[in-house]
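Got the viewer open? Let's take a walk through this one, stop by stop.

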Amino acid sequence: NTHYPEAYWDLSQYGILTRVQLSLVWPLYTFGKLSLLHEAAADGVKASEANIALEKGRWEILVKKAYYGLQFAESSLVLLDEAEEYLEKAKKKMKAKSDRLKLQVIESEVQSRRVQAESGKQLALSGLARLIGVSPSPPLEIEEVELEEPSFKLKSLSFYQRKSRIYRPEIQVFSHLLQAKRKTLKAEKRKLFPDIFLGSYLKWGYSSSADDQVSPFAQD
């Protein structure tokens, strides 16, 4: 066993030693690298915002499809009810057996369409309820609003292509991503050029148990 002197275990003689170092670097000219990276990051943010708008648009389309599908199914059921009333009136007037057989064929077709309309109504109702986050029961009440045919003048293909580049979010996503990639590539190429910067540093140290050396050549 190695015996250490008692002074070895006396930690009070070592005291406190601390050192602080502060460095400051301020770029003066980087040949556009920082500005290009900043612009690329801004394009990335714009692409994310356009992607959010794209997803919102897709969600709105799904809701509209379910809504108009439910409205169409209910309108179809109303028409089928009227068709059945006409068939009942026709049965009372027709005496010939061949005419009655024709009515039976038409009646079976109406019943088949009714089954399809009921199935489509339930499907659209459950889909719409899930999309808007409500329970399908009690059933949703669809407002009966007649759609008005829009009146517009068809313009040239180039006009719609220009508008699509401005308003279509999926095109904006690719456009901003492409701009970000291009600027990032330019920044990588400009890494071949040096960076000119202004730098400074500050060092400070203190020890409670070491003598302060007054000579600037001493390693303290």
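Zoom out until everything fits: the radius of gyration, taken over C-alpha atoms, is 40 Å for the protein, while a compact globule of 220 residues would have one near 17 Å (the globule rule is 2.2 Å times the number of residues to the power 0.38). Turn the C-alpha trace along its principal axes and you'll find a span of about 130 × 60 × 35 Å.

A word on what you're viewing: this is a predicted model, where local features need pLDDT of at least 70 and side-chain atom pairs count only at pLDDT 80 or more, while totals for chains, interfaces and linings use all residues. Residues are numbered from 1 along each chain as its sequence is written, and side-chain values use heavy atoms, with hydrogens and water left out.

Switch to cartoon. You get 4 helices and 2 strands, in the order β-α-α-α-α-β from the N terminus (DSSP runs: helices are H or I, at least four residues; strands are E, at least two).

Now select Y29 and F31. Their rings pair edge-to-face, 4.8 Å centre to centre with 65 degrees between the planes (rings of Phe, Tyr and Trp, its six-membered ring, pair with centres within 6.5 Å; planes under 30 degrees apart are stacked, over 60 edge-to-face, the rest tilted). Add F193: ring pairs link Y29, F31 and F193 into a cluster.

Next, select F159 and Y160, another edge-to-face pair, at 5.3 Å and 80 degrees. F159 is partly exposed at 21% relative accessible area, and so is Y160 at 33% (buried is under 20%, exposed over 50%, partly exposed in between, with a 1.4 Å probe and protein chains only).
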